[in-house]
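Let us walk through this predicted model together, beginning with a single residue in a loop and then moving outward to the helices on either side.

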Amino acid sequence: MKPLITPEQVISIAFCEAGYLDPTTISEVDILAATNRYLLPIVGQQLLDALLEQRYVDLLDKYVAPALAFAVRHTVQPTLNLRTAEGGLTAARTESSTTPAESAVDSYSGSIKSRMRELLVRLSDHLNSGCYTEYNPKYNILNRCSIDGGLVQIF
């Protein structure tokens with residue numbers, strides 16, 4: 001399967017406030033993993049295939065790409081915060097910077113997760129409007145399960 005969006009799109013959508021980030025930082029594998037984990041349970045395989053065939057470019061650009069880009073960011077951000085080398089795991093830093101406090105990292109990660117969740121719900125709400133023949137709302141996980149305030153609700 002090819003990815004729905006490019007690493008460059010992920011960076012321009014979800015990392016716009018982060019300054020320069022080399023496009024090779026985001027791999028196609030990261031995009032595919034986020035697609036399978038966060039997008040597929042909402043759109044279903046038939047609509048995902050239609051998106052891959054470029055049948056719904058407007059849907060992809062306005063709803064899917066933003067949600068997927070933040071899902072990718074949510075997935076890769078922890079690895080961007082840390083570095084792995086021969087010596088093991090270290091915090092990313094330079095001579096002119098310091099490692100942020102753990103509470104700041106948690107707050108930042110929560111913000112990314114919140115934006116991702118809002119965009120996935122926005123996508124789900126749009127799909128439920130009934131405009132796409134390949135979409136089946138009974139397969140959309142957000143129509144059957146919700147996490148609100150730390151409580152899992154299944155309906």
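Gln 54 sits in the loop that links helix 2 to helix 3. Although Gln 54 is not a glycine, its phi is positive, at about 65°. With a relative accessibility of 43%, Gln 54 counts as partly exposed, because that value falls between the 20% below which a residue is called buried and the 50% above which it is called exposed.

From this loop one can turn to the two helices that it joins. Two packed helices are described by the angle between their axes and by the distance between those axes. Helix 2, which covers residues 28-52, packs against helix 3, residues 57-81, at an angle of about 155°, and their axes are 6 Å apart. Helix 2 is therefore roughly antiparallel to helix 3, since angles over 145 degrees are counted in that way. On the side of helix 2, the contact is made by Asp 30, Ile 31, Ala 34, Thr 35, Tyr 38, Leu 39, Leu 47 and Leu 51, while helix 3 contributes Leu 59, Leu 60, Val 64, Leu 68, Ala 71, Val 72, His 74, Thr 75 and Val 76. Sorted by character, the residues of this contact comprise 13 nonpolar, three polar and one charged.

One residue of helix 2 deserves a closer look, namely Thr 35. Is Thr 35 buried or exposed? Its relative accessible area is 2%, and Thr 35 is therefore buried. When residues up to four places away in sequence are not counted, Thr 35 touches Met 1, Leu 40, Pro 41, Leu 48 and Leu 68, and Leu 68 is one of the helix 3 residues that make the contact with helix 2.

Helix 3 also meets helix 1, which is made up of residues 7-14, and here the axes come within 9 Å and cross at roughly 90°. The two helices are therefore roughly perpendicular to each other. Helix 1 brings Val 10, Ile 13 and Ala 14 to this meeting, and helix 3 brings Ala 65, Pro 66, Ala 69, Phe 70, Val 72 and Arg 73. The residues of the contact between helix 1 and helix 3 divide into eight nonpolar, no polar and one charged. Val 72 of helix 3 is listed in the contact with helix 1, and Val 72 is listed in the contact with helix 2 as well.

Elsewhere in helix 1 lies Glu 8, which is partly exposed, with a relative accessible area of 46%. Glu 8 and Pro 23 are separated by 15 residues in sequence, yet their C-alpha atoms are 5.6 Å apart in space.

Helix 4, which runs over residues 102-127, includes Ile 112. Ile 112 is buried, with a relative accessible area of 1%. Leaving aside its neighbours within four places in sequence, one finds Ile 112 in contact with Phe 70, Arg 73, His 74 and Gln 77. Of these, Phe 70 and Arg 73 belong to the set of helix 3 residues that meet helix 1, and His 74 belongs to the set that meets helix 2. The C-alpha atoms of Ile 112 and Thr 75, which stand 37 residues apart along the chain, are separated by 9.8 Å.

Past helix 4, in the loop that leads to strand 3 (145-148), is Ile 141. At a relative accessibility of 32%, Ile 141 counts as partly exposed. Not counting residues up to four places away in sequence, Ile 141 touches Pro 41 and Ile 42, and Pro 41 is also among the residues touched by Thr 35. Between the C-alpha atoms of Ile 141 and Ser 124, 17 residues apart along the chain, the separation is 9.2 Å.

These parts can now be placed within the whole chain. The chain has four helices and four strands, and along the sequence they follow the pattern α-α-α-β-β-α-β-β. Of its 155 residues, 35% count as buried. Among contacts between residues at least 6 apart in sequence, 64% join residues that are at least 24 apart. The chain exposes about 9,300 Å², of which carbon and sulfur atoms supply 56%.

How many disulfides does a search of the whole structure find? The search finds zero. As for individual cysteines, Cys 16 is exposed, with a relative accessible area of 60%, and Cys 131, at 51% relative accessibility, also counts as exposed.

Notes. Residues numbered from 1 in each chain as written. Predicted model: local features only at pLDDT ≥ 70, side-chain atom pairs only at ≥ 80, totals over all residues. Heavy atoms only, no water. Axes fitted to C-alpha atoms, helices over the stretch in contact; angles between N-to-C directions. Parallel < 35°, antiparallel > 145°, perpendicular 65-115°, else oblique. Contact = heavy atoms within 4.5 Å. Nonpolar A, V, L, I, M, F, W, Y, C, P; charged D, E, K, R; others polar. Disulfide = S-S within 2.5 Å. Buried < 20%, exposed > 50% of the residue type's maximum accessible area, 1.4 Å probe, protein only. Areas by Shrake-Rupley, 256 points an atom, 1.4 Å probe, with all protein chains shown as cover.
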